[in-house]
Amino acid sequence: MENNTQSSHNENDVVMVDIKRIGRLILKNIWRIAIVAVLCGSIALFISHQFITPKYRTSTSFYVANKLQFYGVDTNISSGDLATSSDLVHSYIELLKSRHHLTEAIKHSGLNLTYSQLSSMISTTAVKETGVFKVTVSSENRHEATILAESIAYIVETQVCDILRGSSVKVIDVPIVPTAPYTPNHTKNTAFGAAIGLFASILFVVLLEVFDSKLKSEDDLNRCSKYPILAVVPDMNESSKHGYYKKHYGHYGHYTKAQLNVTKDGNTPVYIGSNLDFATTEAYKLLRTKLQYSMPDSQKCQMFVVSSALPGEGKSISSINLAHCFAQLGKRVLLIDGDMRRPSLASKLSISNYPGLSEYLTGFMGFDELLQEYNDGDEHTFKILTAGSIPPNPIELIDSEKMAQAMNQLREQFDYIIIDTPPVGDVSDALVASKYSNGVILVTRHNYCTHAAFRDTLQQFEFVNAKILGTVFNCFGDKSSKYSYHKYAGNYGYQQRKEQASAPKSNKKVDKTAK
């Protein structure tokens with residue numbers, strides 16, 4: 001088993017890219033991406049206007065002949081003459097770019113420039129397989145560019161032509177004063193900036209998706225675990241941006257609100273039992289059904305440990321609703337708050353946390369004084385054993401002989417026992433409690449728990465030879481998922497919601513009873 005687990009983990013370490021999920025992520029963030037693109041385009045336009053100096057350019061073109069054709073000598077041009085003219089063009093260009101001739105062009109223009117400055121302001125282009133070449137002059141002053149181009153044309157005709165005797169040159173395109181700068185191109189710069197912003201924002205979104213180690217889909221969970229997904233519980237509060245658990249827990253599970261939302265009567269928790277929507281109710285019923293089929297009928301009592309990798313993943317709410325689902329079958333159900341470090345079931349069910357399990361394990365009270373009862377108002381009840389006072393040694397109490405005796409005693413009284421335990425990422429109480437159970441249910445929250453934390457939790461339970469029944473993917477908000485209940489909830493849930501809306505509401509209450 002150890003080798004198989006290690007091999008599975010090595011495969012899971014490979015970065016997997018889901019193209020469809022990345023596409024949905026881009027569409028989900030399309031407005032942010034568009035805003036970044038527009039912002040970058042605006043910045044590029046501002047820089048183009050304010051920080052880039054406009055430049056003007058003008059050009060003059062020449063035709064070079066190998067004979068004095070312009071003076072009526074040998075006017076019939078052969079293909080050999082054109083080839084020679086093409087070769088002469090390069091000689092004219094090199095002579096023009098020499099220090100001597102550029103200096104002469106500066107003198108002729110009357111401008112205060114150096115050879116290096118003028119050399120950087122001009123560019124030459126030879127038209128392939130012809131005797132034509134072009135000289136382009138760029139300057140921040142349009143009149144300066146025109147004067148320099150005219151001076152260069154004069155130097156080429158008068159001085160460069162004299163050096164290459166037997167050839168002739170003629171200006172075929174005189175320079176004109178430019179009316180608008182050729183650079184910066186504001187439209188081009190704006191489009192370029194917007195394109196950079198678009199690419200950068202999409203790349204950022206994709207990289208966040210590729211390197212995000214959180215469990216975001218069923219495929220992620222299947223790659224991370226060899227155990228089946230027992231149920232996918234939808235986000236219970238999709239009207240909120242981040243859902244129910246984001247409102248009540250911090251990013252890594254730290255509590256941010258002391259008391260959960262309640263209904264107008266001040267007693268009934270919002271996300272328990274009959275207060276759930278259709279899709280969530282069906283998810284917990286599916287979990288109940290799979291657990292029933294995972295255990296042999298011969299067992300008189302089935303005991304489940306519910307845990308998670310991190311705090312705030314919804315294991316306590318899942319434990320309560322699982323107990324409620326079994327109670328709907330008329331079964332005798334006991335829900336135990338096994339988190340004696342930071343108990344939460346009492347506050348969620350609006351009952352007193354004292355006395356509880358710790359009082360029994362320390363010998364102060366018996367079960368008859370501890371068990372409380374939750375009634376959902378529809379005659380579906382289950383018993384609750386709260387955590388009680390927070391002891392200094394919770395793990396020793398859970399691992400004690402008295403705890404083992406208590407579990408054996410409770411098995412005789414109930415059909416199902418569900419133990420809500422602390423997250424394995426914090427403490428090892430759940431590992432100890434797993435030895436009393438028939439199986440472990442791991443609750444992990446969508447886009448919250450990391451691959452590493454979840455795999456480490458699996459390894460911890462495997463190390464103590466606990467039987468892991470499967471996982472519950474909680475607070476899942478992807479309606480396109482193959483596990484999503486939203487598609488058929490609209491068809492099958494409408495009549496149910498309609499009947500619930502027309503039926504008179506019952507007053508729910510929690511009673512403390514002696515067993």
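Strand S6 (residues 302-308) pairs with strand S11 (residues 439-445) in the parallel sense, over 5 bridges. In this pairing, Ser-307 of S6 stands opposite Leu-442 of S11. The model is predicted. S6 also pairs with strand S10 (residues 416-420), again in the parallel sense and over 5 bridges. Elsewhere, helices H2 and H8 cross with their axes within 10 Å.

**Strand S6**

- S6 is mostly covered, with 7 of its 7 residues buried.
- Gln-302, Phe-304, Val-306 and Ser-308 point one way from the strand.
- Met-303, Val-305 and Ser-307 point the other way.
- Both sets are buried, the serines Ser-307 and Ser-308 included.
- Ser-307 is thus listed twice here: as a buried residue of S6, and as the one opposite Leu-442 in S11.

**Strand S10 and its partners**

- S10 is largely enclosed by the rest of the structure, because 5 of its 5 residues are buried.
- Tyr-416, Ile-418 and Asp-420 point one way from S10.
- Ile-417 and Ile-419 point the other way.
- Asp-420 is among the buried residues of this strand.
- On the S6 pairing, Gln-302 stands opposite Tyr-416 of S10.
- Strand S7 (residues 333-337) is joined to S10 by 5 bridges, and the two run parallel.
- On the S7 pairing, Ile-336 stands opposite Ile-419 of S10.
- S10 therefore has buried residues pointing both ways, and pairs with S6 as well as with S7, while 5 of its 5 residues are buried.

**Helices H2 and H8**

- Two packed helices are described by the angle between their axes and the distance between the axes.
- Helix H2 covers residues 19-28, and helix H8 covers residues 186-211.
- Their axes come within 10 Å and cross at roughly 130°.
- That angle makes H2 oblique to H8, because it lies outside the ranges for roughly parallel, perpendicular or antiparallel.
- The crossing of H2 and H8 is right-handed.
- H2 makes the contact through Arg-21, Ile-22, Leu-25 and Ile-26.
- H8 makes the contact through Ile-202, Val-205, Val-206, Glu-209 and Val-210.
- By class, the contact of H2 with H8 has 7 nonpolar residues, 2 charged residues and no polar ones.
- Arg-21 of H2 and Glu-209 of H8 are the charged residues in this contact.

Note on methods. Residues are numbered from 1 along each chain as its sequence is written. This is a predicted model: local features need pLDDT of at least 70, side-chain atom pairs count only at pLDDT 80 or more; totals for chains, interfaces and linings use all residues. Side-chain values use heavy atoms; hydrogens and water are left out. Buried means under 20% relative accessible area, exposed over 50%, partly exposed in between (1.4 Å probe, protein chains only). Helices (H or I, at least four residues) and strands (E, at least two) are DSSP runs, numbered from the N terminus. Two strands pair if DSSP finds at least two bridges between them. Axes are lines fitted to C-alpha atoms, for helices over the stretch in contact, and angles run from 0 to 180 degrees between N-to-C directions. Angles under 35 degrees count as roughly parallel, over 145 as roughly antiparallel, 65 to 115 as roughly perpendicular and the rest as oblique. A crossing is left-handed if the near helix is turned anticlockwise from the far one by less than a right angle, and right-handed if clockwise. Contact means heavy atoms within 4.5 Å.
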